[in-house]
Amino acid sequence: MRAAGTRHKRGKLVLRLAVATVVTLMFLFPVYWLFMISFKTPDEIFHAPPLWVPGKIQFSNYWVLFKDGDVIAIWNSLVVAGISSAMAMLLGTFCAYSLARFNTGGENLAMWIISQRMIPPIAVVFPIFLIYVYFGMVDTYAGLILLYTAFNLPYVIWMMRGYIVDIPLELEESALVDGCTRWQTFWRVVFPMARSGLMATAVFTFVFAWNDFLFALILTRTEVITFPVMLTHYFGGQSNFWSKIAAMSVLGTIPIFVAVTLMQRYLVRGISLGAVKG
Amino acid sequence: MAEVRISGLHKYYGPVHALKGLDLTVADGEFAVFVGPSGCGKSTLLRTIAGLEEQDGGEIRIGGQVVNDMRPRDRNIAMVFQNYALYPYLTVYDNIAFGLRSRKVGEAEIKKRVDDAAGMLGIAALLARFPRQLSGGQRQRVAIGRAIVRQAQLFLFDEPLSNLDAKLRDEMRGEIKRLHRNIATTMIYVTHDQVEAMTLADRIVLLREGRIEQQGSPLELFERPATGFVASFLGSPSINLIPARLVKRDKAVAVVLESGEVLELPDERARGLEGYTERAVTFGIRPQHLSRAGRGTAPSGSARITATADLIQPTGTRTYVTSRIGGVPVTAELDAHDVHEQGIVLDYAVDMSRCLLIDPATDKVI
């Protein structure tokens, strides 16, 4: 009886591990394939049957990107995504604090703010384009940064409001009585208490700006082309530059890897925090 | 050290009138306890004194200075909260030092004060720990330590013990009282627990629906309550209130219960009651003033009532016996060995010299 029970348990565990392995492989395979292509020569890329590993790891695909100056797109993306998420986080957290603690705008302002995020971007992209043309902001850092900041603000406000509401009010009141001004209370109490939420939200805003294709496509020309737009240049009429596509894609994935790895500790806590509170 | 003087204080929450024109003075060095049922305004009053709520009218003076428009940080007060309000990301040491750092006190002075306070509270060994590693009682000590090091002119406590279990609460209550004796700063303490109020206070301020119902020393309020509300709020088990009539019999005045029992009042207690005879009254008698007739010495001037023991609750030292008298359940506090079995018929001696008579129309004690 007992042996049967143990066997049953072990069988279940094996099945579970098998499913987990298959699913993991399914998700990892495209990433693996992308990395491998980026190291292959053109011949190896089109080899039939497909080669699982390149004959020799070579970096010429990357070298080309550097030589042609295409990697500037990664730099552009870093500048635009980095500055815009920093700005959105700063402004958004202040707004969120105001909503959470001073009930600014009554009950409905928070909902109205997040509703801005629900508009399909394509519906507003052309009016924005015309405005940008008028103000001469097309193909500038400032233009993209402003846009991503504006688009990320509602998200940041909504998320941070939830995290701030969760901080016990007594902590802030205690700080106020103990000699802090509102600003000091914000930096010394709210900021450290909301740190997980801040980090998680920051990663998401960064990823949004990093991954945006639509606005970058329409609002850039030659000067501040971001990495997703640069990628499209390699899809030609007659042929596709698979080696460049793969190398550029890998370069474009690395910052996200880095961001998520650094923030992983906060991400898990931040996301589950939000999940509980809703 | 400071006197707190409040006059004509009003506070509204939207349509709710939370404080209705309070006048109150807490003397320098006094331990005042604000007590009352939930929603009576006691916490609002405390938070308004702290500056965490803004008053809608009236004046607050701390140490002679009007603080109406002063930020909490400028009022030189320290506050202990119900949920301790410790910063989870700081060690005990840093938690206690928090208020000093925001006031730019030097690190050497901070260390001295934190060590002193930690020694006083018996938490010197915990300074390197984080709040999550502490028990509830230890956390509350840290919160008190954070208030002590500030050397503020006024201490505010907002139900600081209500999250602790009963045993710890008794222990901490004693420590807070000792603390007050040692540092002799003016303290204001909010609680809904009448035992805390009675044991800690130099003066109890009993609030009801945004007004001060009565204030005075604990014994004054216990023995000479102004209203039925005060009488029933203080004392455990609470006072028995029995509907009755006051009648004149021969020369004496007597209380007649609805079930017909006649309880004669001693002469000195009957004085001044002539105007109330032949009227409905509420007869109030504390459980301690009912005893079992024939056991021990019944005080002179006591009346007799016979009733069945419906419910017996022994506490070890005393036993609470509930019977139906005059149509309502009445609790008596008897000796532990007076009663053992439910359902027996008891002869009670009622100490009529200690009874309260309340006008049911106004709730005022006659």
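Helices in this tour are DSSP runs of H or I with at least four residues, and strands are runs of E with at least two, numbered from the N terminus. The model on display is predicted.

**Stop 1: helix H1 of chain B**

Select residues 42-50 of chain B, which form helix H1. Here a residue counts as buried if 20 or more other C-beta atoms lie within 10 Å of its own. By that criterion 9 of the 9 residues of H1(B) are buried, so the helix is largely enclosed by the rest of the structure. The buried set includes the charged-group names Lys42(B) and Arg47(B), along with Ser43(B), Thr44(B), Leu45(B), Leu46(B), Thr48(B), Ile49(B) and Ala50(B). Now step just past the helix to Gly51(B), where phi is positive, at about 90 degrees.

**Stop 2: the open sheet of chain B**

Which strand order should be expected in the open sheet of 4 strands in chain B? The order is S2-S1-S4-S5, and the pairing is antiparallel. Select strand S2 (16-26) and strand S5 (65-66) of chain B: each has a single partner strand and stands at an edge, so one side of each is left without a neighbour in the sheet.

Next, display strand S1 (residues 4-13) together with strand S4 (residues 57-62) of chain B; these two are joined in the antiparallel sense over 5 bridges. To find the register, pick Val4(B), whose bridge partner in S4(B) is Ile62(B).

**Stop 3: the second domain of chain B**

The domain assignment divides chain B into domain 1 (4-226) and domain 2 (240-358). Colour them separately; their centres, taken over C-alpha atoms, are separated by 40 Å. The next selections are further strands of chain B.

- Strand S17 (residues 318-325) and strand S18 (residues 328-335) of chain B run antiparallel and are joined by 8 bridges. Ser323(B) has Val330(B) in S18(B) as its bridge partner. The hairpin of S17(B) and S18(B) has 2 residues between the strands, and Gly326(B) takes a positive phi near 60 degrees there.
- Strand S16 (residues 302-314) of chain B is linked to S19(B) by 7 bridges, again antiparallel. Thr308(B) is matched with Val345(B) in S19(B).
- Strand S15 (residues 290-292) of chain B pairs with strand S19 (residues 345-351) of chain B through 3 bridges, and the two run antiparallel. In this pair Leu290(B) stands opposite Val350(B).

**Stop 4: chain B as a whole**

Show the complete chain B, which holds 9 helices and 20 strands. Its C-alpha trace spans about 80 × 45 × 35 Å along the principal axes. Of its 366 residues, 42% are buried. For contacts in chain B between residues at least 6 apart in sequence, 65% join residues at least 24 apart.

**Stop 5: the contact between the chains**

How many residues does each chain bring to the contact? Chain B contributes 17 residues and chain A contributes 14 residues. On the side of chain B that touches chain A, the elements giving two or more residues are strand S6 (77-80) and helix H2 (92-102) of chain B. By class, this side of chain B comprises 11 nonpolar, 3 polar and 3 charged residues.

**Stop 6: chain A**

Move to chain A, which has 13 helices and 0 strands. Its radius of gyration is 24 Å, well over the 19 Å that the globule rule gives for 278 residues, so chain A is more spread out than a compact globule. The C-alpha trace of chain A spans about 80 × 70 × 35 Å along its principal axes. In chain A, 33% of the 278 residues count as buried. Among its contacts with a separation of 6 or more, 78% come from residues 24 or more positions apart.

**Stop 7: the domains of chain A**

Finally, colour chain A by its domain assignment: domain 1 (2-58) and domain 2 (63-277). Their C-alpha centres lie 33 Å apart. Where the two meet, 6 residues of domain 1 are in contact with 6 residues of domain 2 of chain A. Which elements give two or more residues to the side of domain 1 of chain A that touches domain 2 of chain A? They are helix H1 (2-39) and helix H2 (42-45) of chain A. H1(A) gives the most to this side, with 4 residues. That side of domain 1 of chain A has 5 nonpolar residues, 1 polar residue and no charged residues.

Methods: Residues are numbered from 1 along each chain as its sequence is written. Chains are lettered from A and ligands numbered from 1 in the order in which they are written. This is a predicted model: local features need pLDDT of at least 70, side-chain atom pairs count only at pLDDT 80 or more; totals for chains, interfaces and linings use all residues. Two strands pair if DSSP finds at least two bridges between them. Domain bounds come from an automatic or database domain assignment. Two residues are in contact if their C-beta atoms, placed from the backbone, lie within 7 Å. Ala, Val, Leu, Ile, Met, Phe, Trp, Tyr, Cys and Pro count as nonpolar, Asp, Glu, Lys and Arg as charged, and the others, Gly among them, as polar. The radius of gyration is taken over C-alpha atoms; the globule rule is 2.2 Å times the number of residues to the power 0.38. A residue is buried if 20 or more other C-beta atoms lie within 10 Å of its own, exposed if 12 or fewer, and partly exposed in between; C-beta atoms are placed from the backbone.
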